[in-house]
Amino acid sequence: MHGRLKIKTTAEQAAEKQKEREGKRKLYLGGVTKAFEKRSSGTHDEEGLKITAQLLAANPDAATLWNFRREILLALKGDDESWEKLLTGELAMVESCLMKNHKSYGAWHHRFWVMMNFPKPPWKAELSLCDKYLKLDERNFHCWDYRRFVVLGSNQQPEDELKFSQHLIEHNLSNYSAWHYRSKLLPLVHPPPSNTPHPISEGALIKELQTVVEAVFTDPSDQSPWFFLRWLVNRQEKVPRMLQVGYVRYKGDSGLVICVFSQPVPQRAVPFIRLNGADSDETLIWYAPNDEDYSNVWVAELNLSSVEAHTISLIIDPSMTEMLNVGEGSTQAIEWVTTLEVGGEELSDTARSTLEEVKDNCVTLDELDPGNKWVLLTLVDVMWALDCHTHQKKIHSYLSQLQELDVLRNKYYADMKSKLAMETSLKQYRIVAEVGSKFELSGHSLTRITLSHLLASTASIDLSRNDLTSISPLSNLVACRKLILDDNQIQNLAPLAGLKALESLSLTHNKIQSLEQLKVLEGLSALTELNVSANPVCDLDNTGEDIRKILPHIKTLILR
Amino acid sequence: MSGAEDYQFLRTRHIKFLQRCLRVLPYSAVTFDTSRMTVLFFALSGLDLLDGLKEVEKTEMQHIINWIYSLQILPGDDKDQLANAGFRGGTSLASCRGHADSVSSISSFDCGHITMTYTALASLIILGDDLSRVDRKAVLAHVASLQCRDGSFFSTRGGSENDMRFMYCAATICYILQDFSAININTAVQYIINSMSYEGAMGQGIYLESHGGSSYCAIATLHLMGKLSSALSNIQKQRLVRWLVSRQDSGGLQGRPNKPPDTCYTFWIGASLKLLGGLDFLNLEALRQFVLSTQDPITGGLAKYPDSHPDGLHTYLGISGLALLGRDCLKPVDPALNISERALKHLHSLHKSSTQNSKSTKC
């Protein structure tokens with residue numbers, strides 16, 4: 001069970017082994033029976049210790065036997081001196097089990113128990129034990145966990161442990177567990193002030209970055225320091241904020257209020273609404289377009305008469321009210337509540353200069369050691385964190401290189417390219433967007449749509465000529481009137497079922513197979529224009545008639 | 001790994017291997033004696049995915065069902081004993097108990113083990129049983145008694161280590177019995193969040209390195225509790241997906257960085273990605289070739305590495321991992337409960353009929 005290799009045996013050797021096994025099995029079963037007879041009769045004696053020791057040597061993972069052993073030991077407990085002697089013997093016994101299996105949960109757990117029962121625990125010796133087992137396997141997480149316990153018990157200072165981790169790393173750069181240990185110690189020894197996005201204090205961060213950069217220059221092919229570097233430069237996530245509020249009329253006086261948040265939030269995060277200076281809140285029934293408990297977009301039906309102007313007030317918190325003015329006869333209104341976050345805009349000066357330095361180091365490394373996957377990945381991360389829009393071309397070319405170098409993760413990098421294209425376009429869109437403007441991102445080999453919540457109030461969207469199969473994020477496009485999805489690989493239209501404002505839908509050159517798949521559009525009463533030409537469904541008989549039957553609102557239907 | 005050899009999937013040999021696991025285990029597997037229930041689960045679920053269950057006689061199935069139930073601890077009406085309930089791992093400990101019937105003969109060491117309870121219930125579902133002989137109240141009390149203040153779970157009342165594995169077992173048991181009231185979901189979720197490390201995935205506990213097995217246990221637990229979309233932020237999910245995708249190393253999947261690929265992670269990492277919608281980011285064909293290279297062409301079964309000895313655990317997780325990829329004529333597997341979709345459907349029908357029954361008793 002621990003990756004033993006196979007060796008061939010002769011028939012004779014096999015027969016002898018069989019005999020040996022039979023004998024062992026009989027002894028084992030006999031031992032277990034005896035042990036439990038003793039336990040049921042409440043006999044706690046030396047013999048019990050002897051038997052359980054033998055059984056546990058064969059099977060160190062029998063939790064019940066360890067439990068019984070602990071019962072016996074407690075029953076045999078005498079004065080401090082004899083107790084210490086007993087427990088010292090116990091440590092030796094556990095070690096013999098560990099020698100057989102370095103990773104036995106039961107054995108390590110028992111060692112914890114023994115140490116906790118010592119009147120004067122021999123911590124120093126235990127620290128050496130940890131060193132010994134970590135030398136045998138530096139990734140043995142049982143031992144790392146035990147070491148943490150010993151460090152706590154012996155009052156070893158985190159600073160000393162930090163030195164220990166440094167020593168391990170210097171000895172072997174790819175000691176992954178040692179880097180991990182370091183990541184846990186650093187925030188203890190150098191905690192960050194409350195407002196910073198980084199995991200440790202800035203002074204320590206800069207020093208740590210220097211160390212890591214040295215490590216990667218020493219051996220750029222080892223992944224451990226690169227992951228550590230990424231942890232140091234990555235920003236923590238912010239608290240969710242409201243980004244945008246909008247109103248869209250989809251038929252006559254019927255309309256929707258739309259609230260957009262930076263992250264998925266539950267319904268209770270939606271602020272209270274007041275209309276036209278009223279004193280009391282409107283009772284609105286909010287729903288999420290994706291029908292989940294947590295969503296970036298929350299929508300509610302709200303009828304407002306189109307012959308007059310209206311003001312929708314959102315009470316975001318006691319000190320902040322956002323006002324949205326819906327003009328007389330207007331079909332749409334949008335108000336951006338906070339600056340759109342599409343990455344890189346809110347870095348502190350220190351953070352920015354730190355990232356720039358890392359970037360420069362990586363660029364140098366790329367020149368010295370071209371084709372190094374870790375350098376390229378870090379450059380992608382750092383440039384994206386700085387400003388994906390400015391560095392878009394470079395990031396895209398690094399991702400292309402990665403697709404060739406790291407073929408196994410080819411699809412993952414393609415997906416990152418999609419994300420890059422969308423984020424950069426959305427940033428651009430935000431800068432120029434006005435009510436009624438169009439969002440277009442066609443011909444970009446997009447495999448995935450991200451951040452669709454930023455398009456929740458957009459009226460016209462064009463995502464044609466891409467590689468989309470799944471369009472579930474499009475359920476957020478609740479204000480969309482015109483949607484172009486030509487030249488993709490779409491089959492499932494269910495995410496569009498709730499787009500009440502949709503008037504025109506173009507799906508030419510996709511993979512729609514059946515009328516069933518079109519039936520999901522039947523609730524869209526505003527939909528009058530539909531183009532499904534060049535889809536397999538058109539090869540069926542009577543497609544035109546059948547579609548008009550299930551979607552009676554359609555006036556213009558294009559089949560060829 | 002450049003397509004020099006194209007491995008075939010040795011379905012019939014694996015069926016034979018798993019059938020042997022059902023009947024007899026070699027001495028080399030003695031460490032599994034107290035966890036025979038898990039080996040049973042591997043064999044049954046493996047045969048199910050291989051579409052080999054139909055070769056098991058109905059009488060044998062019934063015999064197995066009875067054996068499973070014989071390992072259930074029934075405290076009866078003694079409230080003090082309720083928490084000692086659950087299922088045992090094997091008979092070697094129970095048979096030494098003396099006469100089974102009286103409640104007083106249940107001593108504090110003869111209590112259920114959470115992993116055995118999960119695999120017992122899962123095995124019963126796979127065999128088509130209706131769980132009517134399960135003492136639900138007792139099993140849920142057993143689960144409830146094992147949760148620690150920090151949200152994690154022990155495996156057994158007598159005492160053990162506590163970590164992510166047993167949290168997963170607790171979640172599966174509650175899901176199967178349709179009752180999460182036995183556990184404190186908030187502290188459980190908090191424990192999971194606290195166990196995320198700088199790499200972006202979960203370790204067995206707080207302070208421990210990110211690990212493929214623990215990450216699976218955490219993600220599947222969140223999914224079963226219905227908390228997967230709310231408990232993790234988008235960035236956390238992105239980092240998790242990236243960590244999982246980075247575990248593919250020359251075809252196979254490793255449990256942690258800088259470790260050799262190991263067959264069992266095909267399921268642990270594969271199912272995690274499936275639940276997060278990122279399975280397609282892996283190179284599935286290369287993964288499949290690695291798994292097939294660990295097959296034993298003579299005895300059947302799959303091993304941890306190529307040219308190692310096969311065992312029940314790696315055989316099953318290799319097969320259920322391949323089932324996620326949807327190839328080799330394997331039945332589809334549910335990534336959260338780790339049973340076939342057919343078995344899951346049976347479970348859901350049991351859920352439906354029990355809600356209908358409770359509705360009718362309300363009138």
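Let me start with the sheet in chain A of this predicted model. Six strands make up an open sheet, and the order is β9-β10-β11-β12-β13-β14, with parallel pairing. The edges are β9, residues 438-440, and β14, residues 556-558. Each of these has a single partner strand, so one side of each is left without a neighbour in the sheet. From one strand to the next, the twist averages 5 degrees.

As a reminder, strands of a sheet pair through backbone hydrogen bonds, in either the parallel or the antiparallel sense.

Now one edge in detail. Which strand does β14(A) pair with, and over how many bridges? The partner is β13 of chain A, residues 529-531, and the two strands pair in the parallel sense over three bridges. To give one residue pair, Glu529(A) has Thr556(A) in β14(A) as its bridge partner.

Next, two helix pairs, also in chain A. The first is α4, residues 80-100, with α6, residues 123-136; their axes come within 13 Å and cross at roughly 5 degrees. Angles under 35 degrees count as roughly parallel, and α4(A) and α6(A) are therefore roughly parallel to each other. On the α4(A) side, the contact is made by Leu91(A), Glu95(A), Leu98(A) and Met99(A). On the α6(A) side, the residues are Glu126(A), Leu129(A), Lys132(A) and Tyr133(A). By class, that contact of α4(A) with α6(A) has five nonpolar residues, three charged and no polar.

On the spacing along a helix: an α-helix has 3.6 residues a turn, so residues three or four places apart point the same way.

The second pair is α7, residues 141-153, with α9, residues 176-189. Here the packing angle is about 40 degrees, and the axes are 12 Å apart. That angle makes α7(A) oblique to α9(A). The crossing of α7(A) past α9(A) is right-handed. Trp144(A), Arg147(A) and Val151(A) of α7(A) make the contact with Ser177(A), Ala178(A) and Tyr181(A) of α9(A). The contact residues of α7(A) and α9(A) divide into four nonpolar, one polar and one charged.

Last, chain B. How many residues of helix α13(B), residues 284-293, are buried? Nine of its 10 are, and the helix is mostly covered. The buried residues of α13(B) include Leu287(B), Phe290(B), Val291(B) and Leu292(B), and also Arg288(B) and Gln289(B). What do the buried residues of α13(B) pack against? In chain B they pack against strands β5 (248-249) and β6 (252-253), and against helices α12 (265-276) and α14 (312-325).

Key
Residues are numbered from 1 along each chain as its sequence is written. Chains are lettered from A and ligands numbered from 1 in the order in which they are written. This is a predicted model: local features need pLDDT of at least 70, side-chain atom pairs count only at pLDDT 80 or more; totals for chains, interfaces and linings use all residues. Side-chain values use heavy atoms; hydrogens and water are left out. Axes are lines fitted to C-alpha atoms, for helices over the stretch in contact, and angles run from 0 to 180 degrees between N-to-C directions. Helices (H or I, at least four residues) and strands (E, at least two) are DSSP runs, numbered from the N terminus. Angles under 35 degrees count as roughly parallel, over 145 as roughly antiparallel, 65 to 115 as roughly perpendicular and the rest as oblique. A crossing is left-handed if the near helix is turned anticlockwise from the far one by less than a right angle, and right-handed if clockwise. Contact means heavy atoms within 4.5 Å. Ala, Val, Leu, Ile, Met, Phe, Trp, Tyr, Cys and Pro count as nonpolar, Asp, Glu, Lys and Arg as charged, and the others, Gly among them, as polar. Two strands pair if DSSP finds at least two bridges between them. Buried means under 20% relative accessible area, exposed over 50%, partly exposed in between (1.4 Å probe, protein chains only).
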